[in-house]
Amino acid sequence: MNTEYLIQYVSYGLHTIVRTWDHPVQEEQEPKTFCRRKDLTDSYFTPKELCRFLNEQEKNGSYHSLPVLFSMKRKVCYAYVPSSKKDFLVGPVRFSSPLLLNRNTDNVNLPEEELRAVPECDFSDFASYVLLVYNLLHTSFLSIDDLVTANCMDESMEDTIMENFSALVFDRHEQDLPHNPYDQEFREFSSIEQGNIEMLKKSLQEDYTGKIGTLAKDEVRNMRNRGIVVITLASRAAIRGGLLPEVAFSMSDVFIQKLEEETDTAILLNMMHQFEFKFAEMVADLNSQKAGRPKKDQNPLIDRCKDYIFKHLHEKIRIQNIADELFLNANYLSEIFRRHEGLTITEFILREKVNLTKNLLAYSPYSYSEIAAYLGFSSQSHLGKVFKKHTGMTLHQYRNQYGVKEF
């Protein structure tokens with residue numbers, strides 16, 4: 001293991017100090033320190049102080065064979081990474097968003113001039129470098145979840161959750177306020193999976209005396225959280241109904257972002273149901289496309305081929321590129337796709353590009369030439385010919401009839 005390179009890599013990546021000692025750390029042992037920043041100094045964490053800190057953790061029953069994250073006065077943070085030969089200390093850093101670590105020490109004086117020079121980073125970036133150091137020095141694998149659980153999770157949290165759960169169940173029982181029945185939810189999301197618009201309408205019109213779960217104390221936040229849950233479940237139901245995962249996930253992202261922008265609870269509820277209907281309509285469209293074709297066995301290669309196409313719709317897609325991605329012969333892929341779908345890969349690509357063009361014409365202010373360039377067409381004229389062949393309308397006619405007027 002080239003630890004010299006590793007030290008420099010982490011130091012440059014986080015713009016902070018990296019120190020190493022021979023394992024285990026001894027008070028009289030001076031660390032090997034690397035940092036190319038002239039303005040950053042750290043007068044606090046000497047080997048003596050590190051040993052004292054680790055001994056305290058040992059007395060408290062903290063097991064530090066894993067990386068130990070700790071803060072000083074909740075302002076600057078460090079990571080101690082042990083191994084069988086070398087121990088690493090990475091830091092100080094500051095996090096761009098507040099993070100409460102399990103270990104903190106307040107009996108320290110932080111000079112203001114030193115504090116101003118401490119680099120700021122996202123916790124995810126800091127954690128990735130810490131995990132890099134640990135996983136290169138150990139045979140066992142440590143994940144981000146392991147790191148967070150060992151350093152950021154309150155051990156009393158599980159007890160608190162169970163106490164709150166017990167209190168909520170008792171309170172609902174006393175007030176005779178159970179949740180709405182599961183069979184209503186089952187009908188709601190089954191209708192999306194089947195692309196059954198009428199069934200979805202009826203399931204949403206069902207009436208029950210039960211209370212819908214409370215997901216936040218703030219009324220608006222509670223409604224947004226409900227919407228996020230509903231959209232997530234609806235997107236998964238649509239995937240089960242045949243919608244490509246990449247399409248469903250992208251739609252879900254857009255819908256949730258729209259919920260986050262709204263502050264009126266009545267509108268939030270309406271939006272939530274509109275998005276459910278959108279997923280059901282997309283599945284219904286898929287079902288209508290398949291109508292009249294002989295039912296064939298599911299082929300995972302076809303789904304992977306479609307997934308590639310959707311991810312690259314903004315490019316000029318070549319069948320050979322898809323075949324290379326799937327490790328298949330291009331002619332073989334073309335043949336099984338045609339037999340399975342009833343149309344060629346090229347026809348499918350153009351159909352999906354036309355569908356995306358419709359969306360851009362209706363909901364975006366982009367010009368026709370910008371849309372053509374974005375979707376990989378050679379020119380606006382080329383896009384216009386393909387679009388009219390599939391829809392019977394010109395780009396201008398479609399936008400004029402269906403486009404959002406504010407654009």
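Let's start at one side chain: Glu 335 is partly exposed, since its relative accessible area of 31% falls in the range between buried and exposed. The coordinates here come from a predicted model, so a word on confidence will follow once we have walked through some of the details.

Glu 335 has a partner in Arg 339, and their side chains form a salt bridge with an N to O distance of 3.3 Å. Both residues belong to helix α14, where they sit 4 residues apart, about one turn of the helix. Arg 339 is likewise partly exposed, because its relative accessibility is 45%. If you look around this pair, you will find that Arg 338 joins in: Glu 335, Arg 338 and Arg 339 are linked in a network of salt bridges.

Stay with helix α14 and move to Glu 341. Its side chain meets that of Lys 306 in a salt bridge, at 3.1 Å from N to O. Glu 341 lies in helix α14 (residues 330-341) and Lys 306 in helix α12 (residues 300-311), so this pair ties together parts that are 35 residues apart in sequence. Are these two residues buried or exposed? Both Glu 341 and Lys 306 are buried.

Helix α12 now takes us on to helix α10. Two packed helices are described by the angle between their axes and the distance between the axes. For α10 and α12, the angle is about 40° and the axes are 8 Å apart. That angle makes α10 oblique to α12, because it falls outside the ranges that count as roughly parallel, perpendicular or antiparallel. On the α10 side, Glu 246, Val 247 and Ser 250 take part in the contact, and they meet Asp 307, Phe 310 and Lys 311 of α12. By type, the residues of this contact divide into 2 nonpolar, 1 polar and 3 charged.

Further along helix α10, which covers residues 245-261, comes Ser 252. Ser 252 counts as buried because its relative accessible area is 5%, under the 20% limit. What does Ser 252 contact, leaving aside its neighbours within four places in sequence? Its contacts are Ile 231, Ser 235 and Phe 279.

The same helix also holds a salt bridge of its own, in which the side chains of Lys 258 and Glu 261 meet at 3.4 Å, N to O. Lys 258 and Glu 261 both lie in α10, 3 residues apart, about one turn of the helix. Lys 258 is partly exposed, with a relative accessible area of 42%, whereas Glu 261 is exposed because its value of 57% is over the 50% limit.

Stepping back to the whole chain, the secondary structure comes to 18 helices and 7 strands, and the structure holds 12 salt bridges. Of the 407 residues in the chain, 41% are buried. Among contacts with a separation of 6 or more, 65% are between residues 24 or more positions apart.

Finally, here is the promised word on confidence. The chain averages a pLDDT of 80, and 80% of the residues score at least 70. Among the elements of the chain, helix α17 (residues 380-391) has the highest mean pLDDT, 92, and helix α6 (residues 157-175) the lowest, 48. Over residues 168-178 pLDDT stays under 50, and for that stretch the model has 10 contacts beyond four places in sequence.

Methods. Residues numbered from 1 in each chain as written. Heavy atoms only, no water. Helix = DSSP H or I, 4+ residues; strand = E, 2+ residues; numbered from the N terminus. Buried < 20%, exposed > 50% of the residue type's maximum accessible area, 1.4 Å probe, protein only. Contact = heavy atoms within 4.5 Å. Salt bridge = Lys/Arg side-chain N within 4 Å of Asp/Glu carboxyl O. Axes fitted to C-alpha atoms, helices over the stretch in contact; angles between N-to-C directions. Parallel < 35°, antiparallel > 145°, perpendicular 65-115°, else oblique. Nonpolar A, V, L, I, M, F, W, Y, C, P; charged D, E, K, R; others polar. pLDDT = per-residue confidence, 0-100.
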